[in-house]
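Please follow the structure below in running order, from side-chain contacts to the sheet, the cavity and the backbone. What holds parts of the chain together, and where does the backbone depart from common values?

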Amino acid sequence: MNHPAPHTLRTVTGDLATASVRGPALAHEHLVLDLDQRGDGAAVLGPRRHAAAVTAELSALREEFGLTLVIELTCRGMGRDAGALAAIARDARVAVVAATGWYYEPFHTPEIDTADVAQLTEVLVREIEDGIGATGIRPGVLGEIGSHGDVPTAPEAKVLRAGARAARATGLSLATHAQLGRGGLAQLELLTGEGLPAHRVSIGHQDLLDDPGIHRELAARGAYVAFDTVGKSAYQSDRTRLRLLLALVEAGYAERALLSCDISRHGYLLDEGGQGYGHLFRSFLPELRAAGADDDLIDLLTRRNPLRFLTGANVEEN
């Protein structure tokens with residue numbers, strides 16, 4: 001099995017040395033996706049209609065804040081378009097890591113009904129090794145592999161197990177979608193039960209769960225705790241997110257936190273009046289600094305942690 005080199009990231013425009021990532025990363029974003037189940041087109045970032053706006057935002061963030069990397073977690077059944085990601089990455093001059101896996105049950109593709117865990121694992125491994133469709137672009141992460149509720153449904157458990165096995169086989173790390181922040185501990189139990197080390201797992205949307213005890217337990221077990229819906233005020237206030245993040249940092253787990261905005265519909269884009277991909281840098285991080293965060297903590301949260309997560313390095317390997 002051809003694993004990525006330990007100090008190399010697999011991006012949509014080719015391999016990238018981790019040492020060259022000197023600016024911040026966004027740990028959970030979508031640049032192209034289609035989650036439209038209602039027919040109103042809201043939960044869409046179209047490769048033609050919205051790519052120019054997405055590219056402009058990323059380019060501006062590169063110039064203003066040094067944005068270097070985006071972990072793009074649109075997977076199978078979510079409207080993934082690897083070719084469009086490569087075009088955005090080239091035009092914005094920001095590295096993009098593409099993903100594979102399956103989202104939570106309402107978005108499962110038909111093969112999940114009939115295939116077993118071993119067969120689903122083969123699908124993922126083949127895509128990681130050979131590339132996405134005819135593009136030849138190879139995913140650099142598994143995600144966002146989803147569940148909803150406190151315990152995954154049977155189909156969700158199946159795709160989580162397949163994701164864990166594919167991660168073990170290929171050396172990639174795995175990011176989850178925990179709907180509204182729930183079910184993270186159950187996800188981690190399933191993934192580690194398949195032999196995937198906890199430090200190669202990021203549990204998603206934990207800023208939507210107002211439970212610092214759960215966050216501490218996830219981090220204590222070695223998983224990354226993703227505060228990845230920053231700016232989505234309809235779900236949670238940034239004031240609450242800041243409180244939860246500070247609690248995790250003060251508990252001694254700063255090295256286990258990841259930050260992002262999870263832009264997942266075109267109404268969130270700046271040119272449509274939304275908060276944009278830059279909300280983390282323009283609003284949330286200044287609030288974090290005002291609460292006492294120094295440059296080293298900001299660099300840890302926005303650069304070193306996502307790099308360590310992607311490469312599967314342990315905490316000691318900064």
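In this predicted model, the side chains of Arg 161 and Glu 194 meet in a salt bridge, with N and O 3.0 Å apart. Arg 161 belongs to helix α5 (residues 154-170), while Glu 194 sits in the loop between α6 (184-193) and β11 (201-203), so the contact ties together parts that are 33 residues apart in sequence. The two partners differ in burial class. Arg 161 has a relative accessible area of 29% and is therefore partly exposed. Glu 194, at 13%, is buried, because buried means under 20% relative accessible area.

This pair is part of a longer list: a search of the whole structure finds 20 salt bridges. Another of them joins Arg 76 and Glu 127, whose closest N and O atoms are 3.0 Å apart. Arg 76 lies in the loop between β6 (69-72) and α2 (82-92), and Glu 127 in helix α4 (residues 117-130), so this salt bridge ties together parts that are 51 residues apart in sequence. Glu 127 also forms a salt bridge with Arg 80, where the closest N and O atoms are 2.9 Å apart. Here, too, distant parts of the chain are linked, since Arg 80 is in the loop between β6 and α2, and 47 residues separate it from Glu 127 in helix α4. Glu 127 has a relative accessible area of 9% and so counts as buried. Arg 80 is buried as well as Glu 127. These contacts belong to a network of salt bridges that links Arg 76, Arg 80, Glu 111 and Glu 127.

The next topic is the sheet. Six strands form an open sheet in the order β8-β9-β10-β11-β12-β13, with parallel pairing. Its edge strands, β8 (99-100) and β13 (257-259), each pair on one side only. Strand β12 (residues 224-227) pairs with β13 in the parallel sense over three bridges. Within this part of the sheet, Ala 226 stands opposite Leu 258 in β13.

Ala 226 and Leu 258 also appear in the lining of the largest cavity. How many cavities of 30 Å³ or more are there? The count comes to one. The largest cavity has a volume of about 50 Å³. Its lining consists of Ala 27, His 28, Leu 73, Ala 175, Thr 176, Ser 202, Gly 204, Ala 226, Asp 228, Leu 258 and Phe 309. The elements that give two or more residues to this lining are β3 (25-29) and β10 (174-178). By class, the lining residues divide into six nonpolar, four polar and one charged.

Three places in the backbone remain to be described. The peptide bond from Gly 143 to Glu 144 is cis, with omega near -15°. Glu 144 lies in strand β9 (residues 141-147), a member of the open sheet of six strands. Leu 180, a residue other than glycine, has a positive phi near 55°. Its place is in the loop between β10 and α6. With 44% relative accessibility, Leu 180 counts as partly exposed. His 205, likewise a residue other than glycine, has a positive phi, near 60°. His 205 is found in the loop between β11 and α7 (212-220). Is His 205 buried or exposed? With a relative accessible area of 3%, His 205 is buried.

How values were computed: Residues numbered from 1 in each chain as written. Predicted model: local features only at pLDDT ≥ 70, side-chain atom pairs only at ≥ 80, totals over all residues. Heavy atoms only, no water. 1 Å grid on protein atoms, 1.4 Å probe; cavity = no way out; pocket = protein on both sides within 12 Å on 5 of 7 lines; lining within 4 Å. Points joined across faces, edges and corners; volume = space filled by probe spheres on them. Helix = DSSP H or I, 4+ residues; strand = E, 2+ residues; numbered from the N terminus. Nonpolar A, V, L, I, M, F, W, Y, C, P; charged D, E, K, R; others polar. Salt bridge = Lys/Arg side-chain N within 4 Å of Asp/Glu carboxyl O. Buried < 20%, exposed > 50% of the residue type's maximum accessible area, 1.4 Å probe, protein only. Pairing = 2+ DSSP bridges.
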